[in-house]
Structure formats: C-alpha cells, structure tokens
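Here are my notes from going through the model you sent. I've kept them as numbered points so you can check each one in your viewer.

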Amino acid sequence: MSLRLYDTGTRTIRDFHPLKAGQVGMYVCGATPQAAPHIGHMRSGVIYDIVFRWLLRSGYDVTFARNITDIDDKILAVAADSGVPWFAVAEANQRVFSRGYDELGCLPPTIEPRATGHVPEMITLMRRLIDAGHAYDVGGDVYFDVTSWADHYGALSNQKLDNMLDSHDTAGAGLKRDPRDFALWKGAKPGEPTWETPWGPGRPGWHLECSAMARKYLGATFDIHGGGMDLIFPHHENEVAQSQAAGDGFARYWLHNGLLTVNGEKMSKSVGNVVLLTDLVEKARPVEVRYYLGMVHYRSIIDYTEASLAEAATAYQRIEGFVTRATEVAGSVAPAAELPEAFIAALDDDLGVPQALAIVHDAVRAGNNTLTSDDHGKVREALASVRAMLDVLGLDPLSAQWAAQGGDDLHSVVDALVAVTLEQRQAARARKDYAAADAIRDGLSAAGILVEDTPHGPRWELKRG
C-alpha cells in the first residue's frame with residue numbers, strides 16, 4: 001500500500017501522488033510569535049515533523065517550508081502594550097519557538113521564510129489579482145473581491161458565501177465593496193511599520209503572506225499544505241482563493257491537525273488555562289513530551305491533563321527501558337535498514353501513529369522476552385527493529401538528539417559512583433550478608449536510583465516522575 005492522506009479539500013482519504021516523481025513540496029503555517037509557544041503550537045510542530053520524517057523515510061526529496069508571520073495585528077498590539085518595538089517582540093518570541101522545536105527533536109525545515117522579507121512577492125501577487133479583476137485598492141488598502149470568486153470561495157471549508165459573516169480584518173471596512181472582502185494590504189497607520197507599494201505605504205495582510213511565500217519556495221502548484229484545523233477558515237480559505245484567482249494551482253493536498261484542549265476546555269488567556277512548553281518539561285522530559293504530543297492521531301483533538309502526560313511518560317519509559325537493557329546485553333546496534341511491514345502500513349494509512357506505536361510496543365514486549373535467553377542475535381535483531389521504528393517517529397533514545405539532552409557527562413559520573421556501590425552490594429551478597437545488601441539497595445532507592453537484578457548482573461536507572 002502506498003501513502004494515503006486525508007485531504008480537507010475533498011474530505012476524503014486520497015492516494016498520495018506528488019506533482020513530480022520522487023519530490024514533495026510541503027508548506028506548513030508556522031508561528032505568529034506574539035508570545036511564547038503553548039503546547040498546541042508544539043503539537044503542530046511535532047505532527048508535521050513526523051510527516052516530514054515519514055516522507056523522507058519513504059524516499060522522497062522533500063522541500064519543507066514553514067513560515068514565520070513576523071508582522072501581524074497581534075504582534076503590534078503586544079508591542080504597543082509593552083512599549084517594545086514590534087520587531088523585538090517577534091524576534092524574541094521566535095527564538096523561543098525555535099528552541100522549543102529543537103528541544104522536542106523536530107528536524108529543521110528546509111526553509112523558514114519570514115513575512116517581512118517577502119513584500120516584493122506580495123506586491124507581484126496583488127498586481128496579478130488586480131489585473132485579473134479579483135482585487136481592488138481603496139483608501140490605501142487592497143482587498144480581495146470574494147464575489148468575483150463566488151463559484152469557488154468556501155469550497156475548502158465547505159461553506160456557502162451567502163452564509164458567511166463580514167470580514168473584520170481592517171479599520172477601514174466601510175470602504176469595501178462587500179463586507180466579506182478580506183484585506184490583502186493594510187494602508188499605513190500612525191506608529192505602525194510600513195512598506196512602499198504602488199497603492200501606497202502599509203503592511204501586508206495575514207493571508208497574502210503565505211500565498212506569496214509558498215509560491216516563491218514551492219512553485220505555483222505544490223503538493224501539501226498543512227496547519228491546524230482552526231486555520232481552515234478564514235486563513236486557508238483565503239489563501240487558496242487569492243492564489244487560484246491569480247492563476248496558480250496552489251496546494252494539491254490539505255492536511256489539518258486537531259487542536260489541543262486542557263481538561264476539556266479550549267486554551268484561553270481569559271480562562272487562565274494556557275499551558276506553555278516550559279510547563280510540560282518541568283513535569284516530563286522533552287522526549288516524553290514529544291511522545292505525548294505525537295501519540296494521538298494527528299486529526300484528533302488531544303485533551304491535556306497531567307495524568308495523561310504521566311501515562312505517556314510511563315509508556316515511553318517502557319520502550320526506553322528495553323532499548324537500554326538490550327544495548328547492555330547486545331552492545332551497540334544500529335537501527336535496521338528495513339521497517340516492519342505492519343509499521344509501514346500504519347503510517348501509510350493517513351499517518352496512523354497510534355497504530356504504529358502499538359506495533360512498537362508489541363516489538364518491545366517480544367524483545368523483552370529475548371532478554372531472558374542467551375540468544376544475543378535475537379536481542380540485536382529486536383533492538384535494531386525497535387530503533388528503526390523509533391527513528392521514524394523521532395523517539396530513539398540512543399539518537400544524538402536525546403543522548404545530548406540526557407546529560408551524558410553527569411550520567412557518567414553517577415554511573416561510576418553507583419557502580420562502586422553495587423560492587424559493595426554484590427560483595428555483601430557473596431558473603432551472604434543480605435541485610436547489608438538490602439540496606440545498600442534501599443539507600444540507592446532513597447537517593448532516586450532503582451536497582452534491577454538481571455541474569456546479566458545488576459542494572460540501575462533513575463526514578464522518573
């Protein structure tokens with residue numbers, strides 16, 4: 001079975017056939033960095049990282065563009081409230097986003113374009129739309145005329161134009177031909193940054209930015225456009241309208257990830273339930289947070305609770321425990337070149353990560369059984385297979401990413417100290433001084449170190465949670 005994806009545009013699962021054989025162009029709406037990232041942002045980052053990794057593993061040459069909306073109404077509002085320049089707000093928060101993606105093991109995109117660096121491309125797109133009769137300028141603003149695209153507008157979001165509310169995206173809404181028209185360009189206002197255009201100074205509208213950047217880096221027609229379900233309307237609907245009205249094919253497949261709630265409620269500053277990535281990494285390691293954010297099917301809503309995070313951390317630790325024990329028994333083993341057929345089928349079926357993880361856990365259970373035997377060949381085989389699957393999901397505990405975050409230098413020091421203590425315990429057991437041996441084990445446990453006696457000798461690990 002080849003890759004199949006749920007396409008929001010057709011509301012069906014479709015076989016994936018890229019525009020050019022062996023190549024994929026993918027655009028994902030990235031951050032509007034008016035504040036530090038919350039876990040909903042990071043869930044999107046993990047989801048499209050898995051998509052990216054699976055496309056690469058499937059043999060495609062992928063150009064992955066994830067934009068940065070570094071000029072926006074929200075950024076300007078934060079800047080005004082805080083007395084900080086708008087560009088400083090955007091830059092400071094974008095750095096936090098970048099650290100968050102790195103911390104969760106996300107591969108860097110091929111290109112991460114910023115809106116402010118692509119005004120010439122936006123001017124070109126507006127000129128094409130005006131010349132084609134799909135846009136107009138008035139009072140320094142430029143608007144897209146939705147009635148000129150009435151036969152198509154609303155197709156992505158499955159809405160009818162007659163049922164749509166007014167677009168309240170500019171202060172000069174009274175100048176519009178139709179209240180549903182949306183802004184491509186916003187005329188200059190006191191205290192706001194501006195760029196020069198043939199229609200006067202101003203700044204770009206949100207939707208125009210993505211169409212211009214996607215076209216520049218992926219071409220007039222490209223394969224995949226991704227983002228959260230909250231972006232389907234108006235953002236993605238407006239993107240596809242302005243791009244196709246200008247004559248571009250734009251995205252061939254639309255992927256939308258489900259949102260994230262907190263204890264059953266939508267995250268909101270007014271409710272006071274916004275959960276930041278920094279909150280999560282105080283409760284679980286970054287690799288466990290990644291497991292948690294990626295374990296539910298990408299189109300499903302995930303409801304955050306501390307209990308569900310703890311359960312996910314425990315599930316990942318079971319996988320990690322096998323990898324650690326198997327490595328101790330069999331030595332260093334590279335990920336297998338081939339993946340299990342069932343794992344491939346799971347990810348090819350609209351990126352079925354929950355089913356793929358179930359296969360990983362089945363392999364771990366089978367692998368644990370091999371550890372009780374002296375067949376090191378079977379141990380190595382099981383370890384190589386598990387590592388290969390984890391590598392696709394960005395979860396291999398032996399990868400450079402997670403080894404670096406694990407604090408290898410400190411671990412080495414602790415390992416040396418624990419080894420000395422375990423030697424004392426083994427000596428006590430050899431002389432049948434079981435009280436002393438138990439006291440040593442209890443002391444290690446009190447210090448947060450768990451000791452497990454195995455057929456290959458004692459092993460230790462730090463307590464989690």
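1. Cysteines to begin with, and keep in mind throughout that this is a predicted model. There are zero disulfides in the structure. The pair you might wonder about is Cys29 and Cys210. The closest cysteine sulfur to that of Cys29 is the one in Cys210, at 3.9 Å, which is too far for a bond, because the cut-off for a disulfide is 2.5 Å between the sulfur atoms. Seen from the other end, Cys210 has the sulfur of Cys29 as its nearest cysteine sulfur and is in no disulfide. Cys29 is buried at 11% relative accessibility, and Cys210 is buried too, with a relative accessible area of 1%.

2. Next, a helix pair. Two packed helices are described by the angle between their axes and the distance between the axes. For helix H8 (residues 286-294) and helix H9 (residues 306-330), the axes come within 9 Å and cross at roughly 110°. That puts H8 roughly perpendicular to H9, because angles of 65 to 115 degrees fall in that class. On the H8 side the contact uses Val287, Glu288, Tyr291 and Tyr292, while H9 brings Ser308, Leu309, Ala312, Ala313, Ala315, Tyr316, Gln317 and Ile319. By residue class, the contact comes out as nine nonpolar, two polar and one charged.

3. Now the sheets. Strands of a sheet pair through backbone hydrogen bonds, either parallel or antiparallel. One open sheet has four strands in the order E5-E6-E7-E8, and its pairing is antiparallel. Strand E5 (135-138) and strand E8 (202-204) are at the edges with a single partner strand each, so each has one side without a neighbour in the sheet. From one strand to the next, the twist averages 20°. If you want to look at one pairing in detail, E8 and strand E7 (residues 182-187) run antiparallel and are joined by three bridges. Trp185 has Pro204 in E8 as its bridge partner.

4. Another open sheet has three strands, ordered E12-E11-E13, and here the pairing is mixed. Its edges are strand E12 (265-266) and strand E13 (302-304), each pairing on one side only. The parallel part is easy to find: strand E11 (residues 260-262) and E13 run parallel, with three bridges between them. Val262 is one residue to click on, as its bridge partner in E13 is Tyr304.

5. How much of helix H6 is buried? Eleven of its 14 residues are, so to speak, under cover, and the helix is mostly covered. The buried set is Ile232, His235, His236, Glu237, Asn238, Glu239, Val240, Ala241, Gln242, Ser243 and Ala245. The elements covering these residues include helix H4 (119-131), strand E6 (141-144), E7, helix H5 (206-218), E9 and strand E10 (250-257). E6 and E7 also belong to the four-stranded sheet of point 3.

6. Some backbone geometry around H6 deserves a look. Pro234 is found in this helix, and the peptide bond leading to Pro234 from Phe233 is cis, with omega near 5°. Just after H6, Gly247 has a positive phi of about 105°. As background, most residues other than glycine have a negative phi, and most peptide bonds are trans.

7. Two further residues go against that phi trend. Asp350 and Leu351 are both in the loop between helix H10 (341-348) and helix H11 (353-370). Phi is near 55° for Asp350, a positive value in a residue other than glycine, and phi of Leu351 is likewise positive, near 55°. Asp350 is buried, with a relative accessible area of 2%. Leu351 is buried as well, at 4%.

8. Finally, Met229. Where does Met229 sit? Its place is the loop between strand E9 (221-228) and helix H6 (232-245). With a relative accessible area of 35%, Met229 counts as partly exposed. Apart from neighbours within four places in sequence, Met229 is in contact with His256, Asn257, Gly258, Leu259 and Arg299. As for Leu351 from point 7, the C-alpha atoms of Met229 and Leu351 are separated by 16 Å, with the two positions 122 residues apart along the chain count.

Methods:
Residues are numbered from 1 along each chain as its sequence is written. This is a predicted model: local features need pLDDT of at least 70, side-chain atom pairs count only at pLDDT 80 or more; totals for chains, interfaces and linings use all residues. Side-chain values use heavy atoms; hydrogens and water are left out. Buried means under 20% relative accessible area, exposed over 50%, partly exposed in between (1.4 Å probe, protein chains only). Axes are lines fitted to C-alpha atoms, for helices over the stretch in contact, and angles run from 0 to 180 degrees between N-to-C directions. Helices (H or I, at least four residues) and strands (E, at least two) are DSSP runs, numbered from the N terminus. Angles under 35 degrees count as roughly parallel, over 145 as roughly antiparallel, 65 to 115 as roughly perpendicular and the rest as oblique. Contact means heavy atoms within 4.5 Å. Ala, Val, Leu, Ile, Met, Phe, Trp, Tyr, Cys and Pro count as nonpolar, Asp, Glu, Lys and Arg as charged, and the others, Gly among them, as polar. Two strands pair if DSSP finds at least two bridges between them.
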